[in-house]
Amino acid sequence: MTKDKRKSPQEQELSFLRHQLYWLCWTWQDYKELFSSEANFEFMIRMTGGLARVMRVSMLDSIQLDICALTDPAISKSGNNLSLRRLLHWCRDSKQKAERIESLKEKLDEADAVSSRMRKRRNKLIAHFDSPTILDEDAEVIEWPTADEIERAVRLLIEAMNMAESLLGVAIFDYDSSHSRNGSETLMAILREADNEKSVDHSG
């Protein structure tokens with residue numbers, strides 16, 4: 001992120017967090033459009049081979065990492081984390097009503113609980129390979145998160161960010177509209193066109 005000297009540190013951090021949430025929503029929407037059904041996945045495997053598997057795993061890992069980073073505690077042993085928990089500090093400084101700030105905290109706590117299994121996967125299988133987890137075949141960690149788990153976490157993060165935006169008096173962004181719906185749809189259209197041309201060639 002390029003440093004803007006005209007912005008305060010809080011404005012720069014808020015801009016970064018909004019951008020990361022925007023990117024998470026975009027990536028998650030693309031993932032759903034590409035891999036939401038087994039039929040789509042099997043079609044992509046047929047058309048692209050192993051590349052479809054690489055895309056699926058890479059995108060899913062990226063989504064989990066972003067969710068975990070956004071739900072991390074504001075302070076950890078390694079130092080300060082730029083997560084959505086930072087929003088609580090800024091909102092408290094803004095002297096807003098305690099009930100509204102408590103509602104934001106509860107929303108973040110809920111997001112943290114929903115993403116707890118993804119955090120275990122990040123710590124034990126994505127950021128590094130934890131030997132006991134792998135040898136014991138810990139299903140809770142090894143199994144991928146469900147679409148419902150991810151969707152719920154993303155929804156809660158959007159709700160928390162919108163609550164914080166309201167408390168801080170900045171424009172409330174519609175993160176659901178962040179996706180242009182062009183990239184993944186264009187890719188599928190190209191693959192289907194190639195598949196149709198292949199079928200015509202074989203029939204001819």
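Let's start with salt bridges: this predicted model holds 17 of them. I'll walk through a few, with the helices they join.

Take E13 and R86. They form a salt bridge in which the closest N and O atoms are 2.8 Å apart. E13 belongs to helix α1 and R86 to helix α4, residues 86-93, so this pair ties together parts that are 73 residues apart in sequence. As for exposure, E13 is partly exposed, at a relative accessible area of 22%.

Next come D109 and R85, whose side chains meet in a salt bridge at 2.7 Å, N to O. Here, too, distant parts of the chain are linked: D109 sits in helix α5, while R85 is in the loop between β2 (79-80) and α4, and the two are 24 residues apart. Their surroundings are worth a look. D109 is partly exposed, with a relative accessible area of 29%. R85, on the other hand, is buried, with a relative accessible area of 17%. Please keep R85 in mind, as we'll meet that residue again.

My third example is R117 with E149. The side chains make a salt bridge at 2.7 Å, N to O. R117 is in helix α6, residues 116-126, and E149 is in helix α9, residues 147-168, so to speak of distant parts of the chain is fair: they are 32 residues apart. Are R117 and E149 buried or exposed? Both of them are buried. There is also a network to point out: K32, E151, R155 and D176 are joined into one by salt bridges that share partners.

Now for the empty space. Rolling a probe the size of a water molecule over the atoms is how one finds where such space is left. How many cavities of 30 Å³ or more does the count come to? The count comes to one. The space in the largest cavity is about 30 Å³. Its lining is made up of L70, T71, R85, L108, A111, D112 and L157. So there is R85 again: the buried partner of D109 is also one of the residues lining this cavity. Two elements, α3 (50-71) and α5 (98-114), give two or more residues to that lining. The largest share is three residues, and this comes from α5. Sorted by class, the lining of the largest cavity has four nonpolar residues, one polar and two charged.

Let's move from the cavity to the pocket. The largest pocket has a volume of about 190 Å³. It is lined by 15 residues, and those nearest its centre are Y31, F35, S36, R56 and A147. Helices α1, α3 and α9 each supply at least two residues of the lining. Which of the elements gives the largest share of the lining of the largest pocket? That is α1, with four residues. By class, the pocket lining divides into eight nonpolar, three polar and four charged residues.

Several of those pocket names lead straight into my last topic, the aromatic rings. The structure holds six aromatic pairs. In one of them, the rings of W28 and Y31 have centres 5.7 Å apart and planes at 15 degrees, so this pair is stacked. The two residues are three apart in helix α1 (residues 9-35), and they are therefore separated by about one helical turn. W28 and Y31 are both buried, and Y31 is among the residues nearest the centre of the pocket.

F35 pairs with F41. Why is this pair edge-to-face? The ring centres lie 5.9 Å apart and the planes meet at 75 degrees; edge-to-face applies because planes over 60 degrees apart count that way. F35 and F41 are both buried as well.

F41 has another neighbour to mention: R56 lies over the face of its ring, 4.1 Å from the ring centre. Both F35 and R56 also appear among the residues nearest the pocket centre. A second arrangement of this kind involves R192, whose charged end sits over the ring of F43, 4.5 Å from its centre.

Finally, there is one aromatic cluster to find on the screen, formed by Y22, W26, F173 and Y175. That's my tour, and I'm happy to take questions.

Definitions and conventions: Residues numbered from 1 in each chain as written. Predicted model: local features only at pLDDT ≥ 70, side-chain atom pairs only at ≥ 80, totals over all residues. Heavy atoms only, no water. Phe/Tyr/Trp six-rings, centres within 6.5 Å; stacked < 30°, edge-to-face > 60°. Buried < 20%, exposed > 50% of the residue type's maximum accessible area, 1.4 Å probe, protein only. Lys NZ or Arg CZ within 6 Å of the ring centre and 35° of its normal. 1 Å grid on protein atoms, 1.4 Å probe; cavity = no way out; pocket = protein on both sides within 12 Å on 5 of 7 lines; lining within 4 Å. Points joined across faces, edges and corners; volume = space filled by probe spheres on them. Nonpolar A, V, L, I, M, F, W, Y, C, P; charged D, E, K, R; others polar. Salt bridge = Lys/Arg side-chain N within 4 Å of Asp/Glu carboxyl O.
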